[in-house]
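Subject: Structure for you to look at

Hello,

Here is the structure I said I would pass on. My notes on its packing follow below it.

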Amino acid sequence: MIQQERAIYDRALVDPVTGEIQEFDSVLFNKVVRSGEIEFIAKSLAGKGRLQVLDLGCGGGWLTRTLVRMGHHTVGVDVSGGILAAAASADEIRGHLVQADGHELPFRKGTFDAVVCVGALHHTELGRLLPGLAHVTKRNGSLVFLEPNRLNPFSEIGRRLFPMTTHTPGERPYSPNQLRRVLSDAGWEVQEYRTLFLYALALSYLFRKAMVGRLASAVSPLVDRHERHLKRWLSFLPVGAVIMGRAEFHGAKSPIRRVNS
């Protein structure tokens, strides 16, 4: 599985300006999707000073750049040397990138105050990954994550009918209950947990395919307002497109359960 992941992401196209993999349009995606994600991540890390942060599955480096700009000491890790070479084109993070398999992290015990992971957990075997994350994270350290939700019907239809170039054979999105249960069993006590509808993801993907940048610019304020209303009123539902959460490590409670695909 790791070899397939590496090969696919070695070929991924990365925007040198933003560090984003080029799958979505730049306007709607950044103004609605990424801005909301960054807001959540910033809030999750706020009030704790300058942290040692691991960006797990950093890809083209957009989040590593963001965390560095927030003032955190950040290390971005990815299994793909090709995508890290693209990420390293940004001077501000060139010395912050490490090529490694997330299941075998090359860091000392208790190195990081927090791990941030956007869209990478479902590319891993959680039974192998979580003990390693616990090892390199300080006790009571944080795991901030955003993951695709397998219960969202539109995401699953899109995944089957309109697969992205970076979809890999081994990836398996989780349901909210699955992910929460496995995290809890591994000693990660969930502090915040919800799903977001984020239909803007699908729109952004279609806008890029159709090359309608002007339309994306025109509708992005409306979509942003609508998404914020959905986030306020419907985030308790388990069928949103994205699972968003924050957990703290307090020690494993029981053997980690295998997650059924």
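In α5, the buried residues (under 20% relative accessible area, 1.4 Å probe, protein chains only) are L126, L129, L130, L133, A134 and V136. Helices here are DSSP runs of H or I of at least four residues, and strands are runs of E of at least two, numbered from the N terminus. The elements covering those α5 residues include β1, β4, β5, α7, β6 and β7, where contact means heavy atoms within 4.5 Å.

This is a predicted model: local features need pLDDT of at least 70, side-chain atom pairs count only at pLDDT 80 or more, and totals for chains, interfaces and linings use all residues. Residues are numbered from 1 along each chain as its sequence is written, and side-chain values use heavy atoms, with hydrogens and water left out.

The largest nonpolar core (buried Ala, Val, Leu, Ile, Met, Phe, Trp, Tyr and Cys joined through side-chain atoms within 4.5 Å) has 30 residues, and L133 and W188 touch the most other members. Its largest share, six residues, comes from α5. Leaving out residues up to four places away in sequence, L133 touches L54, L56, L105, V115, L143 and W188. Another core, of 28 residues, lies apart from this one and has V32, W62, L63 and A200 among its members.

A200 also appears in the contact between α8 and α9: A200, L203 and F207 in α8 meet L215, A216, V219, V223 and E227 in α9.

Regards

How values were computed: Buried means under 20% relative accessible area, exposed over 50%, partly exposed in between (1.4 Å probe, protein chains only).
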